Amino acid sequence: MAFLEVRGLEAYYRQTQALFGVDFVLDEGSITAILGANGAGKTTTLRAICRMVRTDGEVVFDGQDLSGLSTERVVGLGIAHVPEGRGTFVRQSVEENLQLGAYTRKNKAEVAEDMESVYGYFPRLGERRRQQAGTLSGGEQQMLAIGRALMLRPKLMLLDEPSFGLAPLIVQEIYEIMARIREREGTSMLLVEQNASIALELADHAYLLETGRVVMGGEASLLRDDEDVRRSYLGY
Amino acid sequence: MDLFLQLTLAGLAIGSIYSCVALAVVMIYQATDHFNFAQGEMAMFSTYVAWTLVGLGAPVWLAFLLAVGISFLAGVIIERVIVKPVENAPVLNQVIVFIGLLVIFNAAAGWIWEFTIKPFPSLFPEDLGFKSTLIGPHHLGVIALTLGVLALVFAFFRFTRVGLAMRAAAANPDSARLVGISVGWMLALGWGLAASIGAVGGILVAPIVYLEPNMMAGVLLYGFAGALLGGVSSPGGAVLGGLVVGVLENWVGQYVPGGSELKLTFALILIVGVLVFKPAGLFGRVVVRRV
């Protein structure tokens, strides 16, 4: 069985159905990208895995069925969600944001160690550790969101459009760091992106979502070379 | 000059009680965006619990500590049982729940303990080992104890893991859930803490205003005024606001002709004035909402 297995996933916002039976799998240690246009259901897929929306269908993570669990319990299993809009605790300091990321962990020494390692990945956060997080730039807040997720020592990271609203150079920088995190920590990642070209560069596998359904999936290179995907999502 | 100092010190003492009530109100406001109108009646009820314990023979300090502890549990239970079911209801429904709580506590206290006015013992000895004409022993004790309690509360929020989690849950519930914080329980904990802080205020004010079911009506009003003056988004501001209101109240009572009759009016004027001219209060943040 795959590390993360999603079968027939449906999601609802009140009466409106947003996902219509999404299926995909993610192997341990791999990076899987979910691509799609606005409103395709990419964010909803991540939110459904974390039980933040009403869902139907099956999500099995590391052998455990997630249905019926609360969001906090899902997080406790080692799934860290870097949400849309970064979810910064704006009035808390950078350091407090990172401490919050480690909320479910007990071992203080390990937490302190991991905080240093986050500052290692993102030296700019280290320089601003006492600063109120709301005063950081967009790129820095995205780094903080990823750093906060790392503080969980996650087995799986869900990343919701880490490139959103950022300058191309910053996006490049963040993606390089994500590649380094995977290399060093072996963290599995489920990545949602509108920026298909950069996501396909990093990912091993990719799925294409259209109006709440998976319309295509496979090796990232396969999607990269596909004529339709290239025209619709990569734009060349 | 002596009179002025006496008034100011007594004002600080009563103001520190307003600060407790203001802080309790602000804590719940921060987490839920609503004023808990029942905060005062909950504190009054806690004070009756302490009074009953004293009547059963408990030393007054033990009764105080027990009542504060019981209030904490009661606050948690009230949140879980009464407030949580309406947390997603429209504002008006929630306000009505709070007012309902107010009426229930008031009536229940009258029913259990009757409406007759009862004296309540001070936590502090008559003889402190020194004499001062400027401030009485109870008032001095009130200032010391409330400052101690408030310092503890701030240390809790500032330096502990749970305190940080409570702040995070109030500020950004979605993100808090995503780092594994149980937001619902943090809210319940907040209610418990607020009830405890209110109980401290109630037990300290009872020897001054005497114990009766309506004893917190004025105190709550001054507490609101303090909270608004300091800024409902700023716990520190609310505490300072409570102190300022206490002192101003005493000055108005003495130096404004007919002022002693107008003390409550003054609190209302302050509330309206702050809301009109500086809605965020002195230390609050102006929150801009995109619509």
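pLDDT is the predictor's confidence in each residue, from 0 to 100.

**View 1. How sure is the predictor about chain A?** What you're looking at is a predicted model, so a confidence check is a good place to start. Chain A averages a pLDDT of 93, and 100% of the residues score at least 70. Among the elements of chain A, strand S7 (residues 156-160) comes out with the highest mean pLDDT, 97. Helix H10 (residues 227-234) of chain A sits at the other end, with the lowest mean, 78. As a rule, where pLDDT is low, don't read the predicted coordinates in detail.

**View 2. Strands S1 and S2 of chain A make a hairpin.** Follow S1(A) (residues 4-13) and S2(A) (residues 16-26): they run antiparallel, and eight bridges join them. Look for Tyr13(A), which stands opposite Thr16(A) in S2(A). Just two residues lie between the two strands. Arg14(A), in the turn, has a positive phi of about 50°.

**View 3. S1 of chain A also pairs with S4.** Here S1(A) meets strand S4 (residues 54-61) of chain A, again running antiparallel, with seven bridges joining the two. To find one pair, start at Glu10(A): its bridge partner in S4(A) is Asp56(A).

**View 4. Where chain B touches chain A.** Across this interface, 14 residues of chain B are in contact with 18 residues of chain A. On chain B's side, the elements giving two or more residues are helix H6 (161-171) and helix H7 (173-178) of chain B. H6(B) gives the most, with five residues. What kinds of residues does chain B bring to the side that touches chain A? Seven are nonpolar, four are polar and three are charged.

How values were computed:
Residues are numbered from 1 along each chain as its sequence is written. Chains are lettered from A and ligands numbered from 1 in the order in which they are written. This is a predicted model: local features need pLDDT of at least 70, side-chain atom pairs count only at pLDDT 80 or more; totals for chains, interfaces and linings use all residues. Two residues are in contact if their C-beta atoms, placed from the backbone, lie within 7 Å. Helices (H or I, at least four residues) and strands (E, at least two) are DSSP runs, numbered from the N terminus. Ala, Val, Leu, Ile, Met, Phe, Trp, Tyr, Cys and Pro count as nonpolar, Asp, Glu, Lys and Arg as charged, and the others, Gly among them, as polar. Two strands pair if DSSP finds at least two bridges between them.
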